[in-house]
Amino acid sequence: MIDFGIEAAKIHQDLIDLRRELHQIPERGNELPKTQARVLQALEGLPLEITTGSAVTSVVAVLRGRGDLPAGSPRPTVLLRGDMDALPVIEETGLDFASTNGFMHACGHDLHTSGLVGAARLLSAHVDELPGDVIFMFQPGEEGPGGAAPMIAEGVLDVTGRRADAAYGIHVFSSEEAGVFSLRPNTLMAGCGDLDVTVRGRGGHGSQPSNSVDPVPVAAEIVLALQTYVTRRVSVFDPVVVTVGVLNAGTALNIIPDTAHLQASVRVLSKASGEQVSKDLPALVETIAAAHGCTVDVSFDMLYPATINDPDETAYVVKELTGLYGADRVVIRPEPLMGSEDFSFVLDEVPGAYMFLGAHPGPVGENPPSNHSARAAFDDAVLADEATALAHLAYAKITTLANQ
Ligand SMILES: [Zn+2]
């Protein structure tokens, strides 16, 4: 097996330089023209077939291996993904390469982009031996409105001519020990949905409620009913979180308003509970409103499904990373994270695994700034390991599949 770690050390400084450049040009959402241009430049000269997205500023690069495939063996394909977008956060790290444009790579996606460029360089150097194909998926919009789904719609999973056999991605964490990989089989991260409700009554004088239809107690009843729903109708073994974060109604204490408005964030840990809440929550809201003579405008959007790691692929990743870095640096997380991630759309279609990589600079003290904090700092010393892990996982999987 190729030792990608030795080869990654030789390009490590380039990856750090690229990451720091990207860090100074953070862009948000699905339109990342500067980032996309920089990625295209970084991939120049590599033996890749490159396409850019129509709907979003994605980059898809395909490496077609020229290694020998045993006769009759289907051509293996592995997809590696890195997201590229930043957040509307004003950076307070004080780093000399800190962003000054009002956005910040506060979730470390600059490392994901640079690490994926590194994996493309490492694997490109072995194109003549590689008995299969690799898709490099450079994705915008992970922090919203979502770049993975439009890339899938544009065919990223089938871009080599056949569906990818496996997919891997890495996310860095500013608050966890640098160099430690972690993941878990099955649910790794929650799915998330947005519930938006406008209760419509009929406003009037606060002294004469019987001449009006008051939406305020109805909205209050909905808030409580949502919590009752969670505890009474959702399995305790497949938990759901509903948080009403917005609740607005009225202008003065003696006026019954026409409407009341609430919004809730909903988190689920399985596909089944995602489907259940999508069906139940609008019905619950509508029924409560109807019981009191109100109507509702209700929408529920399941934004990202739960991120579900394939158990076999998880075992494969654990075995390979343990081989590379030792058991001390590969941790099985005891619980899922309640944050969400749109690599989930890829893992819904292709067996694979998503994993985390700690990137805290120096020893982890108490309450280190977490991802999305204005003070989140990421140690780019992990870039060589990030690129190595991605390249190794793709190469070893393709070699195994080719010889099956
Ligand atoms: Zn992120």
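Along the chain, the residues that donate to the zinc ion follow the spacing C-x1-H-x61-H. This is a predicted model, and in it the zinc ion is coordinated by SG of C107, NE2 of H109 and NE2 of H171, at 2.1 to 2.3 Å. As for the surroundings of the donors, C107 and H109 are both buried.

## Two helix pairs

Let's move on to how some of the helices pack. Two packed helices are described by the angle between their axes and the distance between the axes. Here are two pairs set side by side:

| Helix pair | Angle | Axis distance | Citation |
|---|---|---|---|
| Helix 1 (residues 4-23) and helix 3 (residues 109-124) | about 145° | 9 Å | |
| Helix 5 (residues 215-233) and helix 6 (residues 271-291) | about 145° | 10 Å | |

Helix 1 goes past helix 3 in a right-handed crossing. On the helix 1 side, the residues that meet helix 3 are F4, E7, A8, I11, D14, L15, L18, R19, L22 and H23. Across from them, helix 3 brings D110, L111, T113, S114, V117, G118, R121, L122 and L123. Sorted by type, the residues of this contact come out as 10 nonpolar, four polar and five charged.

Helix 5 and helix 6 also make a crossing that is right-handed. Helix 5 puts V218, E221, I222, A225, L226, Y229 and R233 into the contact, and helix 6 answers with Q276, V277, D280, L281, L284, V285, I288 and A289. The split here is 11 nonpolar, one polar and three charged.

## Aromatic rings

How many aromatic pairs does a search of the whole structure find? It finds seven. One of them joins F343 and Y354: the ring centres are 5.1 Å apart and the planes sit at 40°, so the pair is tilted. That angle is neither under 30 degrees, which would count as stacked, nor over 60, which would count as edge-to-face. F343 belongs to helix 8 (residues 343-349) and Y354 to strand 16 (residues 352-360), so the pair ties together parts that are 11 residues apart in sequence.

Y354 also pairs with F356, and this pair is edge-to-face, with 6.1 Å centre to centre and 80° between the planes. Taken together, ring pairs link F173, F343, Y354 and F356 into a cluster. Are the rings of this group buried or exposed? F343 and Y354 are both buried, and F356, at 1% relative accessibility, counts as buried too. For Y354 the relative accessible area is 0%, so this residue falls under the 20% limit for buried.

## Two buried acids

Now for a pair of acidic residues. D342 is placed in the loop between strand 15 (330-332) and helix 8. At 0% relative accessibility, D342 counts as buried. Which residues is D342 in contact with, leaving aside its neighbours within four places in sequence? They are R81, Q139, G141, E142, G146, G147, A148 and Y304. The C-alpha atoms of D342 and L303 are separated by 8.5 Å, with the two residues 39 apart along the chain.

E313 sits in helix 7 (residues 311-325). Its relative accessible area is 7%, so E313 is buried. With neighbours within four places in sequence left aside, the contacts of E313 are A166, Y168, P351, G352, A353 and K397.

## Backbone details

A few backbone spots are worth a look. G144 and P145 are joined by a cis peptide bond, with omega at about 5°. P145 is in the loop between strand 4 (133-139) and helix 4 (148-153).

Then there are positive phi values in residues other than glycine. Phi of N367 is near 45°, and phi of H372 is near 80°. N367 is found in the loop between strand 16 and helix 9 (383-402), and H372 has its place in the loop between strand 16 and helix 9 as well. How exposed are they? N367 counts as exposed because its relative accessibility is 70%, which is over the 50% limit. H372 has a relative accessible area of 40%, so H372 is partly exposed.

Terms used:
Residues numbered from 1 in each chain as written. Predicted model: local features only at pLDDT ≥ 70, side-chain atom pairs only at ≥ 80, totals over all residues. Heavy atoms only, no water. Axes fitted to C-alpha atoms, helices over the stretch in contact; angles between N-to-C directions. Helix = DSSP H or I, 4+ residues; strand = E, 2+ residues; numbered from the N terminus. Left-handed = near helix turned anticlockwise from the far one by under 90°. Contact = heavy atoms within 4.5 Å. Nonpolar A, V, L, I, M, F, W, Y, C, P; charged D, E, K, R; others polar. Donors = N, O, S within 2.8 Å, 3.2 Å for Na, K, Ca; no water. Buried < 20%, exposed > 50% of the residue type's maximum accessible area, 1.4 Å probe, protein only. Phe/Tyr/Trp six-rings, centres within 6.5 Å; stacked < 30°, edge-to-face > 60°.
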